[in-house]
Amino acid sequence: MNPPISITGISSISPIGASLAESWKGYQNKSHCFTIKHNELVASLPPNIRDDIQDLRHSDSKYKALDDTVLFAIYTSRMAVQNAHWNSSDRYGINISSSRGATELFEVHYKEFLNSNKVSPLGSPNTTLGNISSWVAHDLQTRGPEISHSITCSSALHAILNGIAWIRSGMCQKFLVGGSEAPLTAFTIAQMQALKIYNKNKTEEYPCRPLDLEKTTNSMILSEGASMACLESGTSKNALAHIIGIGYATELLEHNVAISTDAICFQRSMNMALKNIKPLDIDVIITHTPGTIKGDLAEYNAIKKVFGKDHPALTNNKWKLGHTLSVSGMLNIEMAILMMQQQRFIPIPFIKHEIPKEINKIMINAVGFGGNAVSIILSKP
């Protein structure tokens with residue numbers, strides 16, 4: 001990939017915090033973030049971040065009726081742009097994704113309709129997917145293109161691909177990309193339970209068990225949050241990381257939600273990302289592995305096919321944070337940047353790891369329903 005793309009700013013809100021420093025501190029302990037909501041395990045935003053979101057909601061009369069997904073996106077976009085030192089005169093595009101979209105608000109309006117056969121005038125505009133990027137663009141007063149999309153759990157990494165494509169085309173020099181999710185409703189949890197992939201073991205020390213290939217039950221747990229990154233063309237002196245490889249792929253559907261046994265989509269996306277990079281140069285792979293039996297094993301099989309038995313060190317953060325759906329790939333990007341900055345591997349506590357001596361290049365994987373895989377390789381600037 002020549003020239004590379006620089007990540008010059010990144011921000012997130014997640015169950016472990018709202019800054020790189022808070023996230024790094026959160027990764028240093030072996031405790032998870034799961035609590036009970038709707039009688040099931042979930043990972044929620046901390047109360048202090050929730051308070052900040054409420055302050056944002058009441059800061060502008062137009063924001064009071066917005067879904068949490070939009071407010072999460074506005075909050076993290078402000079931080080990302082500030083961290084990248086962009087200003088209102090910079091012409092940059094926006095591509096923010098979501099798997100579930102305005103789930104909670106849609107459910108509120110639908111309940112209103114069932115009870116009264118009427119819907120609020122804002123029922124439609126405030127639940128459309130394009131609502132997210134449009135409100136972020138309004139808040140930041142940007143002058144570039146606005147894009148929203150949903151490609152399920154790989155959506156945020158697809159947003160990175162879109163941003164790179166726009167920059168490569170010369171139509172934009174900078175792009176704000178990311179994802180936002182607020183899926184912790186009883187209905188959304190019930191949807192995951194209907195697929196038989198949701199955690200049932202509430203009393204385990206580590207109830208979500210990504211990359212545990214010996215587990216006998218599915219263990220995925222939903223989470224909420226948002227994460228944004230600022231992309232710029234070339235090797236900026238302010239870069240947190242360089243994107244040096246990208247790959248993407250789909251595969252023929254054997255089932256509505258499943259990927260093949262050896263995750264052909266991941267094999268293709270990883271090989272594409274490695275086009276000009278030696279596999280031995282990759283120090284760490286941050287896997288998608290959501291804690292499901294078949295999904296975790298399929299991705300692991302794909303890694304062995306591409307890298308052989310002596311594959312890079314593998315890790316994941318869903319044991320601590322749960323699955324933030326589209327946002328998970330961006331949180332993995334943040335995790336990769338932290339490991340490269342600190343030169344310290346973040347392990348999964350219930351898995352035996354080989355610790356890499358140096359951490360200079362990291363591959364991040366994501367996949368969504370329908371086998372839409374993305375692989376991105378970051379290098380230390």
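**Exercise 1. Determine whether Leu 325 is buried or exposed, and describe its backbone and its place in the chain.**

Solution. Begin with the surface: Leu 325 has a relative accessible area of 3%, and it therefore counts as buried, a term that stands for under 20% relative accessible area, with exposed meaning over 50% and partly exposed in between (1.4 Å probe, protein chains only). Next, locate Leu 325 in the loop between α10 (318-321) and α11 (328-342), where helices (H or I, at least four residues) and strands (E, at least two) are DSSP runs numbered from the N terminus. Finally, turn to the backbone, where Leu 325 has a positive phi of about 55° although it is not a glycine.

The model used here is predicted, so that local features need pLDDT of at least 70 and side-chain atom pairs count only at pLDDT 80 or more, while totals for chains, interfaces and linings use all residues. Residues are numbered from 1 along each chain as its sequence is written, and side-chain values use heavy atoms, with hydrogens and water left out.

**Exercise 2. Find out in which loop His 38 lies, and what its phi and accessibility are.**

Solution. First, place His 38 in the loop between β2 (34-37) and β3 (40-43). Then read its phi, which is near 55°, a positive value in a residue other than glycine. Lastly, consider the surface: because its relative accessibility is 39%, His 38 counts as partly exposed.

**Exercise 3. Work out what the side chain of Ser 219 reaches, and which residues Ser 219 touches.**

Solution. Start with the location, since Ser 219 lies in the loop between α7 (186-194) and β7 (225-233) and is buried, with a relative accessible area of 3%. Its side chain reaches the backbone nitrogen of Arg 209 at 2.9 Å, and a polar atom of that side chain lies 2.7 Å from the backbone oxygen of Gly 291. To complete the surroundings, leave out residues up to four places away in sequence, and Ser 219 touches Ile 197, Asn 199, Pro 207, Cys 208, Arg 209 and Gly 291, where contact means heavy atoms within 4.5 Å.

**Exercise 4. Identify the buried residues of helix α8 and the elements that they pack against.**

Solution. In α8, which comprises residues 264-273, the buried residues are Cys 265, Phe 266, Gln 267, Ser 269, Met 270 and Ala 273. The second step is to follow their packing, and these buried residues of α8 pack against β8 (241-249), α9 (293-307), β11 (361-368) and β12 (372-379).

Methods: Polar contact = N/O pair within 3.5 Å; in protein donor to acceptor, adjacent residues only side chain to side chain.
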